[in-house]
Amino acid sequence: MTSSLLTPRKRSRVGTTGGVAATGSTAPTRILDWRDPLVASLLDGIEVTAESETVRRIDTLRQAHRLITAAVRPVYSVQDERPVSEVLRRGRGSCSQRLAVLEAVARAAGVATRVRGLLVDGTFWYPRFPRLRRIVPDRVLLAWPEFRLDDAPSASWLAVSELFGSLGELSDDGEAGFTNSGSETLFEALARTAIDWDGATLCPTAGAGCDLSAYVVADLGRFDSRDELFARHGQTLCPVARVLAEPVMGRHRAA
């Protein structure tokens, strides 16, 4: 049983509602404040030798993912609009905040990003909060990043789900899917298994599947930035709930 009591009111969150033709950007935003020295220091830790621009960008993102995994401790923060610089300064962040850091590093490296807005059923997070199911939001707004692989007008976009290989490759590598329980977070799972929101794959091994499409309540389309997505659809929790929950959840290790 999930709850709608803590979620924003007067927000239309049904179906694809704009952003579908988002072109993305490398510009800094309030959330993706990549000009901060802390973002630059992360970028300085990345060494790329590939000559192909596409390969260079993918390698940069993969290395950034590994650095963020080590540098930002996973917690259950509920402030999705927290600037990346503050997340790095605190050294801890939610999966949403860590994905934002990855976007900021990408933009700092000249890689345009955009996000896909997904409304995910709150039951997806039940394994994380077995004793608090009654207050888990009924819908969680997820900003799922995409990265432009080159600067051509017809350039393809790489979803963060496929940063470490295609969904087919990741689902066939003998690994079980993501369970959303235990110490592994969604951000970390990207490096080893398929995170499939569209129902395109199955994990062949026993255990959790890679197909998470059953949890997708609505696809809100694509937006030039997560700032734009949150401005239009709000964050998962209403302001009062975020203020009350953040002091505790923002320090509680995700496990």
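Are Phe124 and Trp125 buried or exposed? Both Phe124 and Trp125 are buried. I will come back to that pair after a look at the whole chain.

What you see here is a predicted model. The average pLDDT of the protein chain is 87, and 89% of the residues reach at least 70. Confidence is not spread evenly. Helix α4 has the highest mean, at 98, while helix α8, residues 239-249, has the lowest, at 76. Please keep α4 in mind, as one of its residues comes up later.

Now the layout. The protein chain has eight helices and six strands. Starting at the N terminus, the order is α-α-β-α-β-α-β-β-β-α-α-β-α-α. If you follow that string on the model, you will find that the chain opens with two helices and also ends with two.

Some totals next. The protein chain has 255 residues, of which 51% are buried. Take the contacts with a separation of 6 or more: 73% of them join residues 24 or more positions apart. The exposed surface of the chain comes to about 11,400 Å², and 53% of that is supplied by carbon and sulfur atoms.

Back to the aromatic residues. How many aromatic pairs are there? The count is six. One of them is Phe124 with Trp125: the ring centres are 4.8 Å apart and the planes stand at 90 degrees, so this pair is edge-to-face. Phe124 also pairs with Trp197, with centres 5.7 Å apart and planes at 70 degrees, so that pair is edge-to-face as well. This second pair connects distant parts of the chain, since Phe124 sits in the loop between β3 (113-121) and β4 (139-148), and Trp197 in the loop between α6 (186-189) and β6 (216-223). The two residues are 73 residues apart. Trp197 is buried, as is Phe124. Both belong to one aromatic cluster, whose members are Phe124, Trp125, Trp144, Phe178, Trp197 and Tyr215.

Two other tryptophans have an arginine over the ring. Arg114 lies over the face of Trp157, 4.1 Å from the ring centre. The charged end of Arg35 sits over the ring of Trp34, at 5.1 Å from the centre.

Next to Arg35 in the numbering is Asp36, which is in the segment before α1 (37-44). Why does Asp36 count as buried? Its relative accessible area is 15%, and the cut-off for buried is under 20%. The Asp36 side chain reaches the backbone nitrogen of Leu38, at 2.9 Å. Setting aside residues up to four places away in sequence, Asp36 touches Ser85 and Arg89.

Last, the residue from α4. Gln97 lies in that helix, which covers residues 95-108. With a relative accessible area of 1%, Gln97 is buried. What does the side chain of Gln97 reach? It reaches the backbone oxygen of Gln79, at 2.8 Å. Gln79 is also among the contacts of Gln97 outside its neighbours within four places in sequence; the others are Ser77, Arg82, Val87 and Arg92.

To find these places on the model, start with Phe124 in the loop between β3 and β4, then go to Asp36 before α1, and finish at Gln97 in α4. That is all I have.

Notes
Residues are numbered from 1 along each chain as its sequence is written. This is a predicted model: local features need pLDDT of at least 70, side-chain atom pairs count only at pLDDT 80 or more; totals for chains, interfaces and linings use all residues. Side-chain values use heavy atoms; hydrogens and water are left out. Helices (H or I, at least four residues) and strands (E, at least two) are DSSP runs, numbered from the N terminus. Buried means under 20% relative accessible area, exposed over 50%, partly exposed in between (1.4 Å probe, protein chains only). Contact means heavy atoms within 4.5 Å. Accessible areas come from the Shrake-Rupley method with a 1.4 Å probe; for residues, only the protein chains shown count as cover. A polar contact is a pair of N or O atoms within 3.5 Å; within protein, one must be able to donate a hydrogen and the other to accept it, and residues adjacent in sequence count only if both atoms are side-chain atoms. pLDDT is the predictor's confidence in each residue, from 0 to 100. Rings of Phe, Tyr and Trp (its six-membered ring) pair if their centres lie within 6.5 Å; planes under 30 degrees apart count as stacked, over 60 as edge-to-face and the rest as tilted. A charge sits over a ring if NZ of Lys or CZ of Arg is within 6 Å of the ring centre and within 35 degrees of the ring normal.
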